[in-house]
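Me: I'd like a close look at one part of this model, the main nonpolar core and whatever sits around it. Could you walk me through it in one go?

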Amino acid sequence: MFKKSRRKIVASIMTVLVLLWSGTLGVIYGSSYCEVSARNREMLSRHAQLYRPDQPPKLPDASLEEFRGQEPTPPRSENTPAFQLSTFYSVAMDKSGQLLSINNPQSALYTDQELTEAALWAIRSGKASGTTSRLLYQVEDKGRYTLVAFMDNTLVRESMSTLFRYTLIFGGLAILMLFFLAVYLARRIVQPLEESYQKQRQFISDAGHELKTPVSVVNANSELLFREIGENQWLSNIRYENQRMGALVTQLLELARTEAVSPRMELMDLSRLVRGEALPFESMIYEKGISLSCEITDHLMVNGSSSQLRQLVSILLDNALEHCGPGKEISLTLKLHRHTALLSVCNDGPEIPQEQRAQLFERFYRLDPARTGEEAHYGLGLAIAKAIVLAHHGRIEVGCGDGKVTFLVRLPLKKQPPHLSGSS
């Protein structure tokens, strides 16, 4: 129980930290990339606006050789160092797609053919700006010709990739260290609760043992008095209440033993055990005018304690019998379900409110607070049942619907019956 609580605390802390880290990384990386990209696009757009050849190009039907000899004048200097240090490439084409002029200051990086193909692709894309390979491009309509300006984006991409890589590395190391811190904090948070729970269990065990002796003494003396004086109203009250106290002490000791001691496990036929435990209840159920239907799949083998599993079946049947009126029905089912043994005890009865279902397995909890433990029912039976199921690494839950209350127990199978292989 407390291990599960610690895992939930660690999972909650780590989920919050990972979400915060991922959000922070996303905001920093995204905003940085967008800012750098926007600045580069702005510089590229400025370069395209400032671009002018020595003389305006001729119309598309002009001689291509006349235009190739013209060298473009460099753009006017901008005041920002980033603009002055950036490398720009320019490709001018006429309306028919013929190359008019090309400016390639870094021919070692990109050939004229690569720039020309990139320019044709940018014009055909129909976009005013975008990215192709490692270049940012800007398409400008200059009237008699079309200019495609490029700017190398390699440095930006590598810088952002390096930033992202190192952020992941150091962020991952920080998350790992925070994980161990979360484990430590979870232990410190749960430790007081665990200690309190252990003290409560110890108190129940000690109280049960301390009460066992005086209850036995009172019972022995009441029996002797009954033999001496015969039937007596006051003596009958003493004997009745002493019997109730003895039943309570027995249940307290049983609960403490179930929670504190790991049962001796052995391979057993759960089907035979459930069928045998249901037999004694048939007469009691019949006397109350209730019908019992059993559907038990044969040869479901589990690894468990026979005494505790018998007690589990007895508790569930006794609980169904207690809350089922005359003329109603109780059904007991044991079947294979997804590689587990599914034990179901269902009885006709009013629906249990959703907010009360989780409390059914708490100690001393009863649906009707006005009941004062008549017939030795103190709200410990289902708590003992839950402790038995958890000791067998199973699950227990309650469901309601269509006027029925159903308790479901799932126990892991040790060996699947051959004739049920492949079923679910």
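Reply: Here is a walk through the main core, then the salt bridges and a few single residues.

A word on the ground rules: this is a predicted model, where local features need pLDDT of at least 70 and side-chain atom pairs count only at pLDDT 80 or more, while totals for chains, interfaces and linings use all residues. Residues are numbered from 1 along each chain as its sequence is written, and side-chain values use heavy atoms, with hydrogens and water left out.

Let's start inside. A nonpolar core here is a set of buried Ala, Val, Leu, Ile, Met, Phe, Trp, Tyr and Cys residues joined through side-chain atoms within 4.5 Å; buried is under 20% relative accessible area, exposed is over 50%, and partly exposed is in between (1.4 Å probe, protein chains only). The largest such core has 47 residues, and Leu270 and Leu316 have the most contacts inside it. Two or more residues each come from helices H6 (233-260), H7 (270-287), H8 (306-322) and H10 (381-391), and from strands E11 (329-337), E12 (340-348), E13 (395-401) and E14 (404-415). Those labels are DSSP runs numbered from the N terminus, with helices (H or I) of at least four residues and strands (E) of at least two. H8 is the top contributor, giving eight residues.

Zoom in on Leu316. Setting aside residues up to four places away in sequence, Leu316 touches Leu343, Val345, Leu382, Ile396, Phe407 and Val409, where contact means heavy atoms within 4.5 Å. As background, nonpolar side chains tend to be buried together in soluble globular proteins. Apart from this core lies another one, of 13 residues, including Tyr110, Ala118, Leu135 and Val148.

Now for the charged pairs. A salt bridge is counted when a side-chain nitrogen of Lys or Arg is within 4 Å of a carboxyl oxygen of Asp or Glu, and the whole structure has four of them. Core-contributing strands E12 and E14 are also linked by one: Asp348 in E12 pairs with Lys404 in E14, 56 residues apart, at 2.6 Å from N to O. Asp348 is buried at 17% relative accessibility, whereas Lys404 is partly exposed at 30%. Strand E14 has another partner in E13, since Glu397 in E13 and Arg410 in E14 are linked across 13 residues, with their closest N and O atoms 2.7 Å apart. Glu397 is partly exposed, at 32%.

Helix H7 joins in too. Its Arg275 meets Asp298 with an N to O distance of 2.8 Å, and Asp298 sits 23 residues away in the loop between strands E9 (291-296) and E10 (301-304). Arg275 is partly exposed at 37% relative accessible area, and Asp298 is partly exposed at 37% as well.

Two loops beside these strands are worth a glance. His339, in the loop between E11 and E12, has a positive phi near 65° and is exposed at 57%. His393, in the loop between H10 and E13, has a positive phi near 60° and is exposed at 67%. For context, most residues other than glycine have a negative phi.

One last stop is Thr146, in strand E7 (residues 146-152). Thr146 is buried at 12% relative accessible area. Leaving out neighbours within four places in sequence, Thr146 is in contact with Val91, Ala92, Met93, Lys95, Ile123, Val139 and Glu140.
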